[in-house]
Each structure stands twice: as structure tokens, then as C-alpha cells.
Amino acid sequence: MQLLPWDYLFTRFSAHATPDLYTPFWVATVVLLIGLIVLYNVRTRALHRHAPYLDLYEWLLWSGISLFGLLLVAAVFNFYMIVLLVILITGLAVMVWIRFIRFPPMLDAYEHKLAKQRYFTRSKFAHPESTIRPKGAKTKTTTSRPNAGRARASKNRKRR
């Protein structure tokens, strides 16, 4: 370190000015971006029937792509370190807001809805004979002779 820590905020983020941070930073950004995409694919396949969770992971995916994409652009084009920190802090704050403030009320409401559905389904089929038709509700049965109905119909036609 040749400068004071706050003086580094107004230097360009490059391999020459900050050689100990530059390569690990862009490598970590690429790894986190790939990890985010893999996480999105795995979780959306597992939760494909639960719309609120899909919305959550889609919001996290696009905010993460924006964050890590901007960080890569800032590293490649040697932006000032303060710009890099503003992008990083803002992007992480948005991701934390999405995960812990915006979606928890929606997820709680969805969990209550699922619990209600499970309760009513369980109570509907709780009695062992609830799926068995009661004896009084029989359908119309035919006689034991296979052509008895046809013979009666032809008799009625002859009477007319």
C-alpha cells in the first residue's frame, strides 16, 4: 500500500493500480454469476408448481445478473473504485431487499393458502368410508337377463 485507504477510492480499478484485488475480484464475479444461474435453474425445477417462489428466484436472478454484469463491466473498463463500491453496495442491498423484505409476506400468504388446502383435503378424506358410495345411492341396475330391456321395448311398440 502506497496510498491511504480512502485515496484508493479515487484511483482506477485495474491490474496495475490494485494487482492484489483485480484478478480475484473478476474471477469471483464470474463464479458468482455462474453460481447464480445454476441456483436459479435448480430451484425453479424443484419449485415449478409454486408461483411465488418462482417469482422470488426470477427477481434474484435478474438483479444478480445486473449486479454481476455491471461489476464485470466496471472491472474491464477500469472504473474508479468508488463507482465499483457504489455498484456493489447498491446491488447487494437490492438483493437483500428482495429476499428479506419484498417476498416474505407473499411467501407467508402462500404457505397459509397451502396449509388451508391441506387441512380441507385431509378433513374431507379423514373418514375411512368418505370415498365409498353409500348403500342408498345405488344407480339403476339392469335385470339378470341381457336382452330383457330390449324385449320390453319391442312389446311396448307392438301395443301402440
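**A small look inside and outside the model**

The residues lining the largest cavity split into 6 nonpolar, no polar and no charged. This comes from a predicted model, and a search of the whole structure turns up just 1 cavity of 30 Å³ or more. The space in this largest cavity comes to about 30 Å³. Its lining is made of Leu36, Leu39, Tyr40, Tyr57, Leu60 and Leu61. Helix H1 (19–46) and helix H2 (51–76) are the elements that each give two or more residues to that lining. As for how such gaps turn up, rolling a probe the size of a water molecule over the atoms shows where empty space is left.

Helix H2 also lends itself to a quick length check. With 26 residues at 1.5 Å a residue, H2 should span 38 Å, and its end C-alpha atoms sit 37 Å apart, so the two agree. Just after H2 comes Asn78, which takes a positive phi of about 55°.

Then there is the outside. Phe10, Tyr80, Ile82, Val83 and Val86 make a nonpolar surface patch of about 440 Å². One of these patch residues, Val86, belongs to helix H3, which covers residues 81–102.

Methods
Residues numbered from 1 in each chain as written. Predicted model: local features only at pLDDT ≥ 70, side-chain atom pairs only at ≥ 80, totals over all residues. Heavy atoms only, no water. 1 Å grid on protein atoms, 1.4 Å probe; cavity = no way out; pocket = protein on both sides within 12 Å on 5 of 7 lines; lining within 4 Å. Points joined across faces, edges and corners; volume = space filled by probe spheres on them. Helix = DSSP H or I, 4+ residues; strand = E, 2+ residues; numbered from the N terminus. Nonpolar A, V, L, I, M, F, W, Y, C, P; charged D, E, K, R; others polar. Patch = residues over 30% accessible without salt bridge, like charges linked within 9 Å, V, L, I, M, F, W, Y side chains within 5 Å. Areas by Shrake-Rupley, 256 points an atom, 1.4 Å probe, with all protein chains shown as cover. Salt bridge = Lys/Arg side-chain N within 4 Å of Asp/Glu carboxyl O. Expected span 1.5 Å × (residues − 1).
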